[in-house]
Amino acid sequence: MSIIMLGSAAAFALLWAMAFPVSGEPVSYEAAVAADRAEVTTASTTEGSDSGDAEAALTADQMAHMQGDARWSASARLYHAGGGGATGNDSLGCRPIAMRTVAVDPRYIPRRTRLFIRETVGMRLADGTIHDGYWYASDIGGGIKGQKVDLYTGHGRGSMRQAQRLNMRTLTIADAGRFDGCPPSWDSTPSQSTQMASASDTSSVGVAD
């Protein structure tokens, strides 16, 4: 039976199994992204839609990032852990955080930059919480060149549904400072240790750390 005769879901499952035989071995970032490209982008979904009242609850810092000049713009793709054994840490040796970790080209957006992505403010996440717009540039990938970013959505392809509306979209990204060590698990008030003034970092644009 040819792949053409299978349903789209079955066809992708077969492609995934061929690409990643069950061996328990980690799958590289590039291999996982390449396998993702084998499936046609899923249809738009109401999951991950804006909450509608997000701006009413923005802090002064968030409002400043929303209204100020963007530092970067970049076309977004989504990536996830799971499937054929894809595991591992990000490029800083840290565990990636769902809906917070971003893979970047460090020549364009330096790693360890705390990012504010306007288009994600108010996005309703799978657990019902609302995204505040903050992300971490803590991963890289060979397929990410120039004005492109990959957003880490979590474990399994199902995790991408909450952010599907961002796929292939050009995002508006503000520089929200720098962070040291591994990104902390996020809460409603980001750790002060992650909030270093970005003014001192303006000369580091285009330089990988």
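The paragraphs below lead through a predicted model, taking up its disulfide, a central strand, a loop residue and a serine in turn.

The structure holds one disulfide, and a reader tracing the chain can begin there, with the sulfur atoms of Cys94 and Cys182 placed 2.0 Å apart. Cys94 belongs to the loop between β1 (72-81) and β2 (101-104), whereas Cys182 belongs to the segment after β6 (170-178), so the bond ties together parts of the chain that are 88 residues apart in sequence. The torsion about the S-S bond is about -85°, and the disulfide is therefore left-handed. The two partners can also be described by their accessibility: Cys94 has a relative accessible area of 2% and is buried, while Cys182, with a relative accessibility of 45%, counts as partly exposed, because the buried class ends at 20% and the exposed class begins only over 50%.

From the loop that carries Cys94, the chain continues into β2, which spans residues 101-104. Both faces of this strand are covered, since Thr101 and Ala103 on one side are buried, as are Val102 and Val104 on the other. The strand has pairing partners in β4 and β5: with β4, β2 pairs in the parallel sense over three bridges, and with β5, β2 runs antiparallel, again joined by three bridges. Ala103 can serve as a point of reference for both pairings, for this residue stands opposite Asp139 in β4 and opposite Asp150 in β5.

Between these two partner strands, β4 (134-139) and β5 (148-155), the chain forms a loop in which Ile140 is found. With a relative accessible area of 33%, Ile140 is partly exposed. The C-alpha atom of Ile140 is separated by 5.0 Å from that of Val104, although the two residues are 36 residues apart along the chain; Val104 is, as described above, one of the buried residues of β2.

The last stop is Ser75, which lies in strand β1. Its relative accessibility of 18% places Ser75 in the buried class, because that class covers values under 20%. The side chain of Ser75 is joined to the side chain of Arg77 by a polar contact of 2.5 Å. Leaving aside residues up to four places away in sequence, Ser75 touches Gln147, Lys148 and Val149, and also Met168, Arg169 and Thr170. Among these contacts, Lys148 and Val149 fall within the range of β5 (148-155), while Thr170 falls within that of β6 (170-178).

Conventions
Residues numbered from 1 in each chain as written. Predicted model: local features only at pLDDT ≥ 70, side-chain atom pairs only at ≥ 80, totals over all residues. Heavy atoms only, no water. Helix = DSSP H or I, 4+ residues; strand = E, 2+ residues; numbered from the N terminus. Buried < 20%, exposed > 50% of the residue type's maximum accessible area, 1.4 Å probe, protein only. Disulfide = S-S within 2.5 Å. Pairing = 2+ DSSP bridges. Polar contact = N/O pair within 3.5 Å; in protein donor to acceptor, adjacent residues only side chain to side chain. Contact = heavy atoms within 4.5 Å.
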